[in-house]
Amino acid sequence: MTNAVPPKRQRRGPRAIALGFGLAAAMLASALPATASAATTSALTDGSTTACTGGAWPFAVQGKPAFAAGSPAGDYLWHDATGWHLRVTHVGTSGVGFSGTIRANRPLHVKGYALETGDTFTVSADRLTVTYRFRNYGHLDGLDFTTDCATRLGFGGRMNGALLPVRRIWVGHAGRHPLQNPFVILRRA
């Protein structure tokens, strides 16, 4: 009689779990536009004093990507304790047009950031959509916004009228690229 020793079970560490979340997000992307996913322990607010009951925004969107005025051309997007932030810039001083749309399932509260004459943004009457059009000369232009505890945000960006390639969109502290443009970020419950 032989005693068979069962194989050791591998323990899954934080990286394996994070990879699992990443694979789940990739599978979800086939049903929805690209989503960022991972858990976070940040405050459950949207940059205001209102506590949100829908869970936190994904860890992947938290914190500012590494960029400055004159960084590679594109959209830079992140969330932090004061809300959401969108910045655009490009290398050089020639004029480059950036435009796009942000959609939420709850009202948005939007302020411009370092906008110049001719840069515009428009919030829809129901406050669920903001469209923007910036003429950027290598500095930073952008928007700062909060939501009334939205659980879904959709983003779509263009440069000089063409959809930005995903490699030209940086999200969160790690500067990750979405899987597609436009894309959706969902609040984790």
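This passage describes the fold, cores, cavity, pocket and selected backbone features of a predicted protein model.

The model is predicted, so local features are restricted to pLDDT of at least 70 and side-chain atom pairs to pLDDT 80 or more, while totals for chains, interfaces and linings use all residues. Residues are numbered from 1 along each chain as its sequence is written, and side-chain values use heavy atoms, with hydrogens and water left out.

The protein contains one helix and eleven strands. Helices (H or I, at least four residues) and strands (E, at least two) are DSSP runs, numbered from the N terminus. Along the sequence the order is α-β-β-β-β-β-β-β-β-β-β-β. The protein has 189 residues, and 41% of them count as buried. Buried means under 20% relative accessible area, exposed means over 50%, and partly exposed lies in between (1.4 Å probe, protein chains only). The exposed surface comes to about 10600 Å². Carbon and sulfur atoms supply 58% of that surface. Accessible areas come from the Shrake-Rupley method with a 1.4 Å probe; for residues, only the protein chains shown count as cover. Among contacts with a separation of 6 or more, 64% join residues 24 or more positions apart. A contact means heavy atoms within 4.5 Å.

The largest nonpolar core has 26 residues. Such a core is a set of buried Ala, Val, Leu, Ile, Met, Phe, Trp, Tyr and Cys residues joined through side-chain atoms within 4.5 Å. The residues with the most contacts inside the largest core are Trp84, Ile102, Leu143, Phe145, Leu153, Phe155 and Ile185. At least two core residues come from each of β2 (83-89), β3, β4 (108-113), β6 (129-136), β7 (141-147), β8, β10 (169-171) and β11 (183-186). Strand β3 gives the most, with four residues. Another core, of five residues, lies apart from this one. Its members include Tyr76, Trp78, Leu140 and Trp170.

The structure holds one cavity of 30 Å³ or more. On a 1 Å grid over the protein atoms alone, a cavity is a set of points where a 1.4 Å probe fits but cannot get out. A pocket is an open set with protein on both sides within 12 Å along at least five of seven lines, and lining residues have an atom within 4 Å of a point. Grid points are joined across faces, edges and corners, and a volume is the space filled by probe spheres set on the points. The largest cavity encloses about 70 Å³. Its lining consists of Asp75, Leu77, Leu86, Thr101, Ile102, Tyr132, Phe155, Gly156, Gly157, Ile169, Asn181 and Phe183. Two or more lining residues come from each of β1 (74-80), β3 (96-104) and β8 (152-159). Strand β8 gives the most, with three. By class, seven of the lining residues are nonpolar, four are polar and one is charged. Here Ala, Val, Leu, Ile, Met, Phe, Trp, Tyr, Cys and Pro count as nonpolar, Asp, Glu, Lys and Arg as charged, and the others, Gly among them, as polar.

The second largest pocket has a volume of about 190 Å³. Fourteen residues line this pocket, and Thr101, Arg103, Phe155, Gly156 and Pro182 lie nearest its centre. Strands β3, β8 and β11 each give two or more residues to the lining. The largest share, five residues, comes from β8. The lining divides into six nonpolar, six polar and two charged residues.

Ser99 is found in strand β3. Its relative accessible area is 11%, so Ser99 is buried. Beyond residues up to four places away in sequence, Ser99 touches Tyr132, Arg133, Gly156, Gly157 and Arg158. Ser99 and Asp75 are 24 residues apart in sequence, with a C-alpha to C-alpha distance of 9.6 Å.

Three backbone features remain. Most residues other than glycine have a negative phi, and most peptide bonds are trans. Asn181 and Pro182 are joined by a cis peptide bond, with omega about 5°. Pro182 lies in the loop between β10 and β11. Ala114 has a positive phi, near 50°. The loop between β4 and β5 (120-123) holds Ala114. At 44% relative accessibility, Ala114 is partly exposed. Cys149 also has a positive phi, near 60°. Cys149 sits in the loop between β7 and β8. Its relative accessibility is 15%, so Cys149 counts as buried.
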